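Reader: I'm new to reading protein models. Could you walk me through this one, a bit at a time?

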Amino acid sequence: MSKSFNLLDQPWLPVRLHDGRVCDLGLLELFERAGEIGALAETAPPGLIAQYRLLLAIVHRALSRAQGGWTDADRARWYRQGLPVEAVRDYLEHWRERFWLFHPEQPFMQVAALAEAAETRDRHKPWSQISLASANGNAPVVFDHSCDLAPCPIVPADALRTLLGFLQFTPGGLVKVLRDADKAGALANTAAVMPLGESLAQSLCLALHPPTQAGHEDLPSWERDPPGLAQLRSEPTPASGPNDRYSRLSRAVLLLPDEQGKVQWIRFAAGIALAEDAQAPDPMAGYRAGSHGLVRLSFAEGRALWRDLPALLPDAGGQASQSAAVLVWAANLQFLLGNSEQPVLVAGLASDQAKLLRWRAERIGLPAALLASMDCANDLRRQLQRAEELFGDVRRLAIGMLAETLPDSVGRDSWARARSLFDAGPAATLYFATAERALGRLMTLLGGGEPDRVEAWWSRTLLAAAQVAWQAVCDGLGRSPGALRAEARAYPHLLARLSPLCPARSTPAVADEEARA
């Protein structure tokens, strides 16, 4: 294999410029124009996060090489004036030989040893093996018609972007080459968090991790010696730091270009397994309270991300949530800059063991006060908990009303059937959609330190949400005598639950808030 497709020069990273145009750039041009770029334009959420992590590792190593350490004041200066492009360019040129996608000895983010290993040299896999959006093996994907026996070739840029997302988000499971099974990628089943600025340069400044401690090396994969088979067969190892996590070869892959330079086949094996360290969580992973302690923030079916918003906010006790480290670094910078809002990208892939379920990308604007103040964060956490508790009570009353309309209203099967009817209906969607429309105003009021208005605004919102959800259940019941009797019995209980949300009379603050609405 001869050297070809150098990432420094070849356009492969999709970006969106400030004027709205989308184009592909190589690494050198991307950093030269980082101030002109609004954001990365990758459409696959796993690949989008993986590309940001690659750029962060490059910037971190470039600054480490050029000046050793830096402070938040330095980050604030780069945020205002632009990244030190010359330091990044010197770093990339220094490691140019490691940024060839196709290279006989050190292909970028790949394992050349697979070409000679007895287990892999005569075994090819379709490139869709590393695609989280393609059908391969016994994992079909809707609207994808990939065939393992005759995969459609893809261009090198697509192969590279696919590989980066796969290495970060691949779930653990069977591999059967070099090892029977392998650990998951660094962000498997994770809704990863990335703070955003008005330009790519600002985004990288916001999410840049602190300098590596003296005497400790946190090297990305391209600065390490090429991995051999012994390393691939070895036990899982913890990450040496963010640069290692952002570029860990969680699977051993070798892209095989055809005569036109496209990729149809790959070599594939177990990678350098990542051992998780509870004391050093992933910087882009937030944690929320689960049934047995904190669990990583992920995307759940039918559950809007804002319901888990407290997982992005600071918690002094660490019992309710644990914020992603990148948000702490962003909050520190925003404090120096005096900005009032921090846009946040939350993107990733949800999986159940080795089964891929869904991917998603959402953008949320968080008031800087919520990231900086424990009191504001706790206030928002309490208000969202009120929403969850009210929904639980409305759901319980509605299920009882539905069960009463079934033939055996007191039987266990009837209650199970009633729960299924409620969950399949529109009530939950209407409830949380109504509440979500008021979320932005709620966060603004919390950030502005107006507790009276917060209580009044959110109480009125929850009252409206409960009423529209209840009406949806009643509409589904119909107007039969049995349905009317069940509704008549349940309605007083609903009124009793909603009465605390109904103010006896409007205070000036409440009246002003109602006028704003």
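Author: Sure, and let's settle one word before we start: contact means heavy atoms within 4.5 Å. Keep in mind that this is a predicted model.

Reader: Okay, helix H3 then. Which helices are included in what covers the buried residues of H3?

Author: Start with who is tucked away: in helix H3, residues 72-81, the buried ones are Asp74, Arg75, Ala76, Trp78 and Tyr79. Then look at what lies over them. The cover includes H2, helix H6 (200-207) and helix H9 (325-337).

Reader: And just after H3, which residue takes a positive phi?

Author: Follow the chain out of the helix, which spans residues 72-81. The residue with the positive phi, about 110 degrees, is Gly82.

Reader: H2 came up there. Which strands does helix H2 lie across?

Author: Look for an open sheet of three antiparallel strands in the order S3-S2-S4. Its edge strands, each pairing on one side only, are S3 (22-25) and S4 (37-40). The twist from one strand to the next averages 40 degrees. Helix H2, residues 45-67, runs at about 120 degrees to S4, and the strands it lies across are S2 and S4.

Reader: In that sheet, which residue stands opposite Arg16?

Author: Strand S2 covers residues 13-17 and runs antiparallel to S3, with four bridges joining the two. Arg16 faces a residue in S3, and that partner is Val22.

Reader: What about the sheet with S10: how many bridges pair S10 and S11?

Author: That's another open sheet of three strands, antiparallel, ordered S6-S11-S10. Strand S6 (125-126) and strand S10 (251-257) are the edges, each pairing on one side only. One facing pair is Arg251 and Ala270, the latter in S11. Between S10 and S11 (residues 263-270), the number of antiparallel bridges is seven.

Reader: Which helix lies across S10 and S11?

Author: Its direction is a handy clue: this helix runs at about 170 degrees to S10. It spans residues 156-169, and its name is H5.

Reader: Last one: which residues have the most contacts inside the largest nonpolar core?

Author: In soluble globular proteins, nonpolar side chains tend to be buried together. Here the largest core has 157 residues, and its largest share, 13 residues, comes from helix H11 (residues 374-404). Leaving aside neighbours within four places in sequence, Leu27 is in contact with residues including Leu7, Trp12, Leu55 and Phe99. The two with the most contacts inside the core are Leu27 and Phe31.

Notes
Residues are numbered from 1 along each chain as its sequence is written. This is a predicted model: local features need pLDDT of at least 70, side-chain atom pairs count only at pLDDT 80 or more; totals for chains, interfaces and linings use all residues. Side-chain values use heavy atoms; hydrogens and water are left out. Two strands pair if DSSP finds at least two bridges between them. Axes are lines fitted to C-alpha atoms, for helices over the stretch in contact, and angles run from 0 to 180 degrees between N-to-C directions. Buried means under 20% relative accessible area, exposed over 50%, partly exposed in between (1.4 Å probe, protein chains only). A nonpolar core is a set of buried Ala, Val, Leu, Ile, Met, Phe, Trp, Tyr and Cys residues joined through side-chain atoms within 4.5 Å.
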